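Student: Before accepting the descriptive terms applied to a model, I should like to see each one set against its criterion. May we proceed in that manner?

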Amino acid sequence: MIVGVPKEVKDHESRVGITPAGVRALVEAGHKVLVQTGAGELSAFPDDEYQNAGAEIVGSAYDTWRLADMVVKVKEPIEKEYQYFRPGLVLFTYLHLAPLPALTEALMEKQVTGIAYETVRDRAGSLPLLTPMSEVAGRLSVQVGAEYLQKTKGGRGLLLGGVPGVPPGNVVIIGGGIVGINAAKMALGLGAKVTIVDLSLNRLRDLDDIFNGRVFTLASNSYNIAKASSEADLLVGGVLIPGAAAPKLVTAAMVKNMKKGAVIVDVAIDQGGSIETARPTTHTDPVYEVDGVVHYCVTNMPAAVPNTSTLALTNATFPYVLKLANEGAEAAIKSDKGFAEGVNTYKGTLTYQAVAESQSKSWKAVAELL
């Protein structure tokens, strides 16, 4: 198989889909790898490392996409990349289609097999390709939140850990999943007071055990969320419904009632966001204010630390890349029900229910199409 690795073009997206180590493994397995020049440079993987591993360096995105049987990316294609779609192409990347009907239509129209990292499941039913970036984003959420709480950045002028004689800041995390637990680790490490809100009482019990009672836990309901958000200095949105649009748990009225200069970091923004006032931002222009509350809603947060993020992501994705290359997409999908969950579009058909429901479209399970 010919595997293409284009350079990411989303704003400040500096990760890369395959590392030189992955290239070597693919080449040793008998495949050809095309890497667009500069694709790995911002992740600290220069072209010569890819060449030494056996890749062919390609000068343009057009040729990287045109010549490849399968394209491996990090972020969902943006509009100027839609021109590269064609029937039979396998695209393996984060897609986050629920809030992106135009991308969904483009993939269906050109009959691309779109396999989304974020909906692939393992035998335990978890999301192995979403987990590493959720870990990075969860930890970053507190790091950037602490930065924007500084007065020079528009925040309240508050040090999250406080100092002797001055109480610490209050971090409220909506969602006790991978994002939430990693955000809590960072916030506790900085010395903040931490509250996690989650719908599952069993999950709250687990979190209480994991953190040995050092975090406050709250059952998720509108009353508790409103009260917790009004007390928050930093509010982290980390709610995930796989493949679907995130629920708006923090309303505009709740945001209006927050402290002036408080900071919101909505990690769920690439699925539409869990804060009603959230809208997607970029690393170039990451924040805006609503009712005096600073909103940080960058859709590709892990790109801020691309070396760490690329290594963490490809550790998880590469076994699937190799499986696709060795077996071909159809056989790989047939052989693994969890991997089949990753297929969002196939031969012009939408194949993921949550995306279909978010966009009011019809869908069909990929197993019925094979």
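**Terms and their criteria**

Tutor: In this predicted model, helix α1 (residues 20-28) packs against helix α10 (residues 306-327) at an angle of about 25°, and their axes are 11 Å apart.

Student: Why are α1 and α10 called roughly parallel to each other?

Tutor: Angles under 35 degrees count as roughly parallel. The angle here is about 25°, and α1 and α10 are therefore roughly parallel. Their crossing is right-handed.

Student: Which residues meet where α1 packs on α10?

Tutor: Gly22, Ala25 and Leu26 of α1 meet Phe318, Val321, Leu322 and Ala325 of α10. By class, this contact has six nonpolar residues, one polar residue and no charged ones.

Student: What makes the one residue in that contact polar?

Tutor: Gly is counted among the polar residues, and Gly22 is one of the α1 residues in the contact.

Student: Is His283 buried or exposed, and how do you know?

Tutor: Buried means under 20% relative accessible area. His283 has a value of 18%, so His283 is buried. His283 lies in the loop between β11 (263-266) and β12 (287-290), and among the residues it touches are Asp11, His12, Tyr296 and Met301.

Student: What makes the approach of the His283 side chain to the backbone oxygen of Asn300 a polar contact?

Tutor: The pair of N or O atoms must lie within 3.5 Å, with one able to donate a hydrogen and the other to accept it. The side chain of His283 reaches the backbone oxygen of Asn300 at 2.9 Å, so the distance satisfies the cut-off.

Note on methods
Residues are numbered from 1 along each chain as its sequence is written. This is a predicted model: local features need pLDDT of at least 70, side-chain atom pairs count only at pLDDT 80 or more; totals for chains, interfaces and linings use all residues. Side-chain values use heavy atoms; hydrogens and water are left out. Axes are lines fitted to C-alpha atoms, for helices over the stretch in contact, and angles run from 0 to 180 degrees between N-to-C directions. Helices (H or I, at least four residues) and strands (E, at least two) are DSSP runs, numbered from the N terminus. Angles under 35 degrees count as roughly parallel, over 145 as roughly antiparallel, 65 to 115 as roughly perpendicular and the rest as oblique. A crossing is left-handed if the near helix is turned anticlockwise from the far one by less than a right angle, and right-handed if clockwise. Contact means heavy atoms within 4.5 Å. Buried means under 20% relative accessible area, exposed over 50%, partly exposed in between (1.4 Å probe, protein chains only). Lists of a residue's contacts leave out its neighbours within four places in sequence.
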